[in-house]
Amino acid sequence: MQTLPQSPGGLTVSQPVSAPEQVKGLPRTFRALRHRNFRIFWFNQLISLVGTWMQTIGQSWLVLQLTHSALLLGVVGALQFLPVMVLSLFGGVLADRLQKTIVLRFTQSFAMLQAFILWILVASGEVRLWHVLILALMLGLTNAIDMPTRQAFVVEMVGREDVPNAIALNSSMFNMARIVGPAIGGLLIAWLGVAPLFLLNAISFIPVIIGLFLIDARQLHAQVKPPATQQQASKQSTLQSLREGLAYVVHTPAVLLIISVIGVVSLFGINFNVVLPLFATDVLHVGAAGFGFISAAFGIGSLLSALWLAWSNRRPHMYSLLIGAGAFCVLEASFALSRWYLLSLVLIAGVGFAQIVFSAASNTTLQIVAPDNLRGRVMSVYTMVFVGSTPLGNLLIGGLALLLGAPLALLIAASLSMAATIVGWLLRTPAEKSLEESLTGTSLPLSEGMPEAKPVARGSLAGAECGFIQHVPATTSHPTLSAKQG
């Protein structure tokens, strides 16, 4: 594991980092893959995500076969996300306390077991709805631990300078799997039935688990915790660790603003997928085939955005994050008002593009500025508001669509999201200052090297209470805060 040396006083000392190699052309898009650990992780996750999307549509089809109830279909989906909303904070504590590769081996193995059991039940003809409900809940519990750990692991594999590129590549991987997985799954359902999808998903976890054993710990990027900090962390209870992470989020303006804005936008704006079928059938009158093209257009826009972000590999800025969120809201509202099918395709592609821009910017910023020993807990808060809000968000926009119709429901959701974005823009000054201090204290812009840092005594909430090491530029005489990352 690559670590930073310690000063005689036991504090971690930052060393100058040379400027990253300037890569031009297409290879620039994939620069994070130059890290062996991330390369292994990325390709294996791509295989697994294709299997996951296959199981997603297979599970939906299975529930419809068993119940013919859209309500129960929603219940199964909610059971997979409720544990993330309730328990992901505790998953973040585990991610900060335990070696992340060990945690991920456990979670990926458990998810493989869940898929394998579901395959056995379906293939034997013994599957019942209660089986699906329990297994969906168990998968949700697994994801509550897996998601914050997996997100926090990215920076350890690639280092801070390549985090923007790595997160963008992860987004591209997700969207490629989102396009390929359902397509293969649909063909398999028509050809062989639903059972093979669960078996293939179980098999797809095998390369991921093998890859986690191939991770070279010596090439990971992490800081050595001083002995005093290690002893303090080992004596903390789970609730104390949780409170420590939440205190950091609340007292760091950049982190708090990002979490707040993306929480509101996720709750109201990002759950538009619930009403897309209604737009296809009742608003645009294009039927099932048209709905397929709408979904594909969103996926293509998201994929293009992820590839563009991977190529640009830009340093995060608060204004670019908020502009991306604002563009998402405007495009979503425009889609809600559109009655022209071709225009709607362009607009929904734009929605996908803008969503990846601001969500990836949020993820990147939080990954880069979060201190190493708090990153898991910070990412667990991000996971809770970004992913865990899905059940409540689906319920809200579904209820609004039932009462007011899909267009007005989506317009209200976009308006509420825009209100949060505007408030974030008006209050961005302290967050921008906090972000700049954090980036200056821990890393420089992607095109520059990192200045030598001096160790400082821990004494404030950001130091003594949170227990992370602060790095102060050689030209600065006061401590600076560091801050926090689908």
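A cavity is a set of grid points where a 1.4 Å probe fits but cannot get out, and its lining residues are those with an atom within 4 Å of such a point. With that in mind, we can walk through this predicted model, beginning with one of its enclosed spaces and then following helix H1 to its partners.

The second largest cavity has a volume of about 30 Å³, and the residues that line this cavity are Ile40, Phe41, Asn44, Gln45, Val208, Gly211, Leu212 and Ile215. Two elements, H1 and helix H6 (195–214), each give two or more residues to the lining, and H1 provides the largest share, which amounts to four residues. Sorted by class, the lining of the second largest cavity holds five nonpolar and three polar residues, with no charged ones.

Helix H1, which spans residues 36–67, also packs against helix H3, residues 100–124, at an angle of about 35°, and the axes of the two helices are 12 Å apart. Where H1 passes H3, the crossing is left-handed. On the H1 side the residues in contact are Phe41, Gln45, Ser48, Gln55, Gln59 and Leu62, and they meet Leu104, Gln108, Gln114, Ala115, Leu118 and Val122 on the H3 side. The residues of this contact divide into six nonpolar and six polar, and none is charged. Phe41 and Gln45 appear both in this contact and in the lining of the second largest cavity.

The last step concerns aromatic rings, of which the structure holds 11 pairs. One of them joins Trp53 and Phe174 in an edge-to-face arrangement, with 5.6 Å from centre to centre and 65° between the planes. Because Trp53 lies in helix H1 while Phe174 lies in helix H5 (residues 163–192), this pair ties together parts that are 121 residues apart in sequence.

Conventions
Residues numbered from 1 in each chain as written. Predicted model: local features only at pLDDT ≥ 70, side-chain atom pairs only at ≥ 80, totals over all residues. Heavy atoms only, no water. Axes fitted to C-alpha atoms, helices over the stretch in contact; angles between N-to-C directions. Left-handed = near helix turned anticlockwise from the far one by under 90°. Contact = heavy atoms within 4.5 Å. Nonpolar A, V, L, I, M, F, W, Y, C, P; charged D, E, K, R; others polar. 1 Å grid on protein atoms, 1.4 Å probe; cavity = no way out; pocket = protein on both sides within 12 Å on 5 of 7 lines; lining within 4 Å. Points joined across faces, edges and corners; volume = space filled by probe spheres on them. Phe/Tyr/Trp six-rings, centres within 6.5 Å; stacked < 30°, edge-to-face > 60°.
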